Amino acid sequence: MPFCDSSEKGTRIFYKRFGHGSTKVLLIAGLAGTHDSWRPQVKGLTGSAEANVDEDAVAAVGDEGLDVRDQEAQEGIEVCCFDNRGMGRSSVPTNRAEYTTSIMAKDALALLDHIGWKKAHVFGHSMGAMIACKLAAMSPARVCSLALLNVTGGGFECLPKIDRQMISLAYRFFKAKTPEQRAVVDLETHYTKGYLDEYVGSCARKDILYQEYVKAISSSGMQSNCGFEGQVNACWNHKMTPKELDTIRSSGFLISVIHGRYDIIAQLDHARRLAEKLQPAARMVELHGGHLVSHERPDEVILSLLELINASKSKLQPDEWSNMQEKQAGWLMIAAPLALTNKNNGVASNLLAVYNLLGKLQLSFLYCIGIFIMGYEHMRSILKTTKPVKVAASSS
């Protein structure tokens, strides 16, 4: 099996490669996702969902083993996707400190070295997009273009919108112990209700997807507690510094921020703000979908990714690529963060204080939900141990 040994404390990263061509694309999965979560994009970009054979022999040769003219003459796209540490067939470190987006970006860079790719178009989803940002800031010379799907800036921005639906989902997520239970929760968090309720032939789409999810979760196994807590820790502690953002902005590659308008996990406003911070190189693409917009709107996502690849190849200038000042699907990008950071503006300072207070209240509310769930489980376990045992009367 193809594994890459990361430089980070001997962690092994499982990966697969698809297709052939001089255009290289690295796909980075999100929280609790495996390499297989990119299946629609792999097929759309390469034309095949079948992994390349003899991976180790190809990795040993790498790009440098090919004649430069032959390589340039190749047409097509080669894709590499992998399981992040803590998930799938990759190593699962038990120490939570071994999970950060910076460490996981180093895993991805080690993989690029292992397969012999000097540069690649780097595309990430959710947590994978956070990792992609870190990779781009660490080693911008290795990035041809950057696509960030359903991304946030980490920290408080990882918190979903708190409402009745989200409280129910959070409760059922922590209670889920089987692939069947987990599949039901995943479907509600990944897709819009309208998409799930659509009929494909005589069956509702949610019934078809449910069977697929149960099968996928059963084959890869439920994510371990160490892996889940570690990846959550990576998201919570993720932050892009002004220096890192400036490095990405000034590196010359084009960026697409692709987001589902109805994402209940990664809120759209956070993605818009990040796209604004990455000006003048970023294009904002909003699609009708939820958190897993790459599956709900695969054709549109693939088209956006191909446009990014082709624009990068044609050396399109950032100001020609960006659409941030144009009206997109009923919204107009406004430079709100610039106003909020103006210390001389009293109104802006008050708004910033209110924003920070709401963030803290939201975190406290989420914390209380967690305490309630843990307390409920603790009381259930106590009641089970103290329940009177019926003893049958002696017949003697």
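The exercises below concern the sheet of a predicted model and the helices that pack on it.

**Exercise 1.** Determine which strands stand at the edges of the sheet, and why one side of each is left without a neighbour.

Solution.
- Write down the strand order: the open sheet has 8 strands, running β1-β2-β4-β3-β5-β6-β9-β10, with mixed pairing.
- Take the ends of that order: β1 (3–5) and β10 (282–287) are the edge strands, and because each has a single partner strand, one side of each lacks a neighbour in the sheet.
- Add the twist, which averages 25 degrees from one strand to the next.

**Exercise 2.** Find the sense in which β5 and β6 pair, and over how many bridges.

Solution.
- Locate the two strands: β5 covers residues 120–125 and β6 covers residues 143–149.
- Their pairing is parallel and spans 6 bridges.
- Within this pair, H125 lies opposite L149 of β6.

**Exercise 3.** State which strands are touched by helix α1 and which by helix α14.

Solution.
- Helix α1 (residues 39–46) packs on the sheet through β2 (12–18), β3 (23–28) and β4 (77–82). Its direction makes about 165 degrees with that of β4.
- Helix α14 (residues 298–313) also packs on the sheet, where it touches β3, β4, β5, β6, β9 (254–260) and β10. The angle between the directions of α14 and β9 is about 170 degrees.

**Exercise 4.** Decide whether S304 is buried or exposed.

Solution.
- Place the residue: S304 belongs to helix α14.
- Its relative accessible area is 8%; the cut-off for buried is under 20%. S304 is therefore buried.
- List its contacts, leaving aside neighbours within four places in sequence: I258 and V285.

Definitions and conventions:
Residues are numbered from 1 along each chain as its sequence is written. This is a predicted model: local features need pLDDT of at least 70, side-chain atom pairs count only at pLDDT 80 or more; totals for chains, interfaces and linings use all residues. Side-chain values use heavy atoms; hydrogens and water are left out. Two strands pair if DSSP finds at least two bridges between them. Helices (H or I, at least four residues) and strands (E, at least two) are DSSP runs, numbered from the N terminus. Axes are lines fitted to C-alpha atoms, for helices over the stretch in contact, and angles run from 0 to 180 degrees between N-to-C directions. Contact means heavy atoms within 4.5 Å. Buried means under 20% relative accessible area, exposed over 50%, partly exposed in between (1.4 Å probe, protein chains only).
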